[in-house]
Amino acid sequence: MSTIITSIDPGSPAMRAGLQPGQQLLSINGHAVVDVLDYRFYGYDPVSHLSLKNKDGSTQKLTIHKAEGEDLGLNFDSYLMDEMRSCANHCIFCFVDQMPPGMRQTLYFKDDDARLSFLQGNYITLTNLTEREAQRIIDLRISPINVSVHTTDPQLHCTMLGNKNAVRSLDYIRAFCKAGIVMNGQIVVCPGWNDGEHLRRSIEDLMDIGFNSCSIVPVGLTKFRRGLARLEPVTKEKAGEIIDLVDEYGAKCLEKYGTRMFFCADEFYIKAERPLPGEEYYEEYQQLDNGVGMLRSTMNEFLSGLEDAESGDVASFTVATGKAAEPFIARLVAEAKKKFPQLRGEVVGIVNDFFGHSITVSGLVTAQDLITQLKDRPTLGERVLIPANMLRHGEGVFLDDYTVEQVEQALGRRLTISETDGYSLCDAIFRQEP
């Protein structure tokens with residue numbers, strides 16, 4: 001834990017009040033500051049009474065007046081002001097356990113930190129929480145919290161999470177919902193484990209508990225599973241079965257609560273070879289980060305952006321994406337070509353040789369597969385468009401540590417990075433490169 005101030009934002013309330021780097025923040029409005037949650041919540045009010053410890057060991061008290069919700073402007077040694085908490089579970093479907101050896105160390109770290117759930121939207125299991133921390137969530141009314149549920153059967157829950165004490169997370173879920181904490185859930189379906197009647201029970205329990213929303217997503221299996229639990233991928237038939245079950249309860253929830261509450265990830269519709277639901281199905285796209293409605297949203301945004309496009313006289317392009325989205329993105333490019341017949345472009349779904357062919361999402365495409373499958377392609381466009389989720393967040397580095405520049409050099413083409421929304425894809429296609 002480190003509440004020592006490392007820097008202060010220029011022009012911030014803290015700078016105006018005369019705070020200095022090196023001082024330690026002890027409390028705000030009488031509440032001890034342990035980590036970022038205390039700092040954020042107790043520092044929200046327009047009047048903040050701070051207790052500080054100076055470099056010489058003396059203490060100081062001062063009052064800061066600011067706009068409600070305005071950040072004090074203090075920065076600390078780490079974002080959380082504490083160590084990030086690693087996962088205590090051994091989930092049978094954990095993707096980190098399916099990583100190949102020899103990759104950068106950060107890819108093997110399993111986080112399960114409730115603070116990151118609130119601050120960054122991470123999904124957590126709640127098994128790391130102590131009674132004190134759980135009560136703090138209730139006292140501070142921290143919402144929303146995103147929870148990986150997987151099953152509400154206590155014994156199966158412990159088995160799937162590989163943690164004999166995991167049942168307490170189900171108790172926390174009930175306590176949080178009872179206290180009015182907004183909770184969003186995720187169920188990773190592992191055929192033969194938590195599908196069928198187990199999935200039906202989980203949905204019914206979450207309805208009774210009062211979840212805000214819950215996404216149903218298929219298990220992701222790489223080729224690196226030696227020594228791990230035997231799991232089967234979601235088949236076309238299984239995907240259709242799950243869609244039907246979730247839709248059955250979605251209709252009940254819509255009638256009873258005014259929301260479907262339970263939503264299938266786009267991958268199920270791709271696997272089942274069924275058309276995507278209409279936009280109204282996704283309500284406010286509250287489970288978008290879990291791949292629920294991503295394709296529908298992208299399509300709507302792309303077509304809207306296409307209406308404003310004025311010219312198809314741009315350099316030829318190749319859109320590289322995952323195999324799952326390939327036919328979908330190809331349809332969007334076809335729509336663009338209808339408007340601009342002179343447009344020269346193609347879509348290539350990259351087969352995932354690195355992780356295994358059952359992995360079909362663009363976010364797990366590596367530079368090595370990208371280079372191998374594009375470098376000798378006779379129809380490769382003058383520009384190669386890739387989605388930003390192929391790269392480490394905020395950096396030009398792929399999962400296998402190749403840089404954008406290395407890929408550009410290997411392909412002899414410039415990469416155009418598109419965000420994962422339809423407007424960005426449309427802009428990337430029609431962008432006039434210098």
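Which loop is Pro144 found in? The close-ups below, all taken from a predicted model, start there.

**View 1. The cis peptide bond at Ser143 and Pro144.** Pro144 sits in the loop between helix 4 (131-140) and strand 8 (145-148). The bond that joins Ser143 to Pro144 is cis, with omega at about -10 degrees. For background, most peptide bonds are trans.

**View 2. Helix 5 packing on helix 6.** Here the axes of helix 5 (residues 154-161) and helix 6 are 8 Å apart, and the angle is about 120 degrees. Since angles over 145 would be needed for roughly antiparallel and 65 to 115 for roughly perpendicular, helix 5 comes out as oblique to helix 6. Pro154, His157 and Cys158 are what helix 5 brings to the contact, while helix 6 supplies Val167, Ser169 and Leu170. Sorted by type, the residues of this contact are four nonpolar and two polar, with no charged ones.

**View 3. Helix 7 and its cover.** Helix 7 (residues 196-209) has 14 residues, which at 1.5 Å a residue should span 20 Å, and its end C-alpha atoms are indeed 20 Å apart. Buried residues in this helix are Leu199, Ser202, Ile203, Asp205, Leu206, Met207 and Ile209. Their cover includes helix 6 (167-178) and helix 8 (236-257), plus strand 9 (183-189), strand 10 (213-218) and strand 11 (262-264). Just after helix 7 comes Gly210, with a positive phi near 105 degrees.

**View 4. Two positive-phi residues that are not glycine, Met261 and Tyr285.** Most residues other than glycine have a negative phi, so this pair deserves a close-up. Met261 has a phi of about 70 degrees and belongs to the loop between helix 8 and strand 11. Is Met261 buried or exposed? With a relative accessible area of 3%, Met261 is buried. Tyr285, in the loop between helix 9 (266-272) and helix 10, has a phi of about 50 degrees. Tyr285 also counts as buried, at 16% relative accessibility.

**View 5. Helix 10 alongside helix 11.** The axes of helix 10 (residues 294-308) and helix 11 (residues 326-339) come within 11 Å and cross at roughly 15 degrees. Helix 10 and helix 11 are therefore roughly parallel, and the crossing is right-handed. On the helix 10 side, the contact is made by Leu295, Thr298, Met299, Phe302, Leu303, Leu306, Glu307 and Asp308; they meet Phe328, Leu332, Glu335, Ala336 and Lys339 of helix 11. That contact breaks down into eight nonpolar, one polar and four charged residues.

Key. Residues numbered from 1 in each chain as written. Predicted model: local features only at pLDDT ≥ 70, side-chain atom pairs only at ≥ 80, totals over all residues. Heavy atoms only, no water. Axes fitted to C-alpha atoms, helices over the stretch in contact; angles between N-to-C directions. Helix = DSSP H or I, 4+ residues; strand = E, 2+ residues; numbered from the N terminus. Parallel < 35°, antiparallel > 145°, perpendicular 65-115°, else oblique. Left-handed = near helix turned anticlockwise from the far one by under 90°. Contact = heavy atoms within 4.5 Å. Nonpolar A, V, L, I, M, F, W, Y, C, P; charged D, E, K, R; others polar. Expected span 1.5 Å × (residues − 1). Buried < 20%, exposed > 50% of the residue type's maximum accessible area, 1.4 Å probe, protein only.
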